[in-house]
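Reader: Hey, can you walk me through this one? I'd like to get my bearings before going into details.

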Amino acid sequence: MRSLKGKNVDKVPVCSVTQTGTVELMEMTGAKWPQAHYDPEKMATLAIAGHEIAGLEAVRYPFDCTAIAQSLGCKIMEGSIDTQPSIVDWACKNKDDVKEMNIPENFLGSERISTILDATDIVKERVGEDVPVIAGMIGPAAIAFSLAGENYLKWMITDPDVVKELLEIGTEVCTEYSNALFDHGVDAVCIPDSEGSPDLIPPPLFESLILPQHRKLTGKTKGMMILHMCGDATDILEPMATSGFDGISIEEKVNARYAKQVIGKRACLIGNISPVATLLAKSPENVKQEAKMCIEDRVDILAPGCGIAPHTPLTNLNALVEARDEYYLEKGIL
Ligand SMILES: [Zn+2]
């Protein structure tokens, strides 16, 4: 939390602000996907395993990106032990659907959202006040994409006002839901909003359409907010740094040293060990090497660059924390 607030710390913390569920942790705890997406007790148990067993210095949940979309009327497939739930049918098939789109009055009481709020209560009760609790939810651009599907990119060019309407809905949902999570004791909310990434849309459109929504969201939420951006976000680092988010989580496609130079003290830099090329595929020794380089590049929180792949070996997650400890020992700092 000190890192997120830009304060001095003895050593860089290690956690994941993106999904943490792995098959190994599921087998060890009995809290498996897909049930752990829909059952608060299982969700809490698997999330806490990321801290107690994998050693990550925060508890982070949920493990997928469909809760908001489903609560707004999208149809989803529930997934399996090693695949996340996914959207199979979008709620807004045409522009008229967008006009009729309303946030359900009982949005916070919907099955998926109340499951996550209930999981929060269980997590807080089990881990107490000393372990930061991070909840994730998709951001305004990701919500607009979840609702409009393939029309999202098309409308962005042909009907930006329609996209803006969807983004406004997204911002309202995120604000209400984030503040509810803070009321339940969550320490930080992480918003993956990669449908605004330069991999998908040109940076000027990010600045004109999405950045204003991010500013509105961070202006109205009452706790620490983290923005996660998938893909190569190099070209939008500057606007992201002015979006009001306390933390910015980047992938390995972005050079961390350069990112820190651009962002400076305006936000906490989080990242950026490759979850697939490194954490899933390499040895603990390789993980350690890259993790130490990452700290050397001045990330403020050492973390995977995106969601942890379900088949990631536990030894590689443990190696992240060990690498941080070794880094400071080798430097003679601790
Ligand atoms: Zn990502």
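Author: A term to start with: helices (H or I, at least four residues) and strands (E, at least two) are DSSP runs, numbered from the N terminus. Residues are numbered from 1 along each chain as its sequence is written. This is a predicted model, where local features need pLDDT of at least 70, side-chain atom pairs count only at pLDDT 80 or more, and totals for chains, interfaces and linings use all residues.

Reader: ok, what comes right after helix 15?

Author: Gly332 follows helix 15, and its phi is positive, near 70°.

Reader: And which residues of helix 15 are buried?

Author: Asn316, Leu317, Ala319, Leu320, Ala323, Arg324 and Tyr327. Buried means that 20 or more other C-beta atoms, placed from the backbone, lie within 10 Å of a residue's own.

Reader: What do those pack against?

Author: Strand 8 (268-273), helix 13 (275-280), helix 14 (284-296) and strand 9 (301-304). Contact here means C-beta atoms, placed from the backbone, within 7 Å.

Reader: How do helix 14 and helix 15 cross?

Author: Their axes, lines fitted to C-alpha atoms over the stretch in contact, come within 8 Å and cross at roughly 45°. Angles run from 0 to 180 degrees between N-to-C directions. Helix 14 and helix 15 are therefore oblique to each other, that is, outside the ranges under 35, over 145 and 65 to 115 degrees.

Reader: Switching topic, how many helices and strands in the chain?

Author: 15 helices and 9 strands.

Reader: And how much of the chain is buried?

Author: Buried residues account for 49% of the 334.

Definitions and conventions: A residue is buried if 20 or more other C-beta atoms lie within 10 Å of its own, exposed if 12 or fewer, and partly exposed in between; C-beta atoms are placed from the backbone. Two residues are in contact if their C-beta atoms, placed from the backbone, lie within 7 Å.
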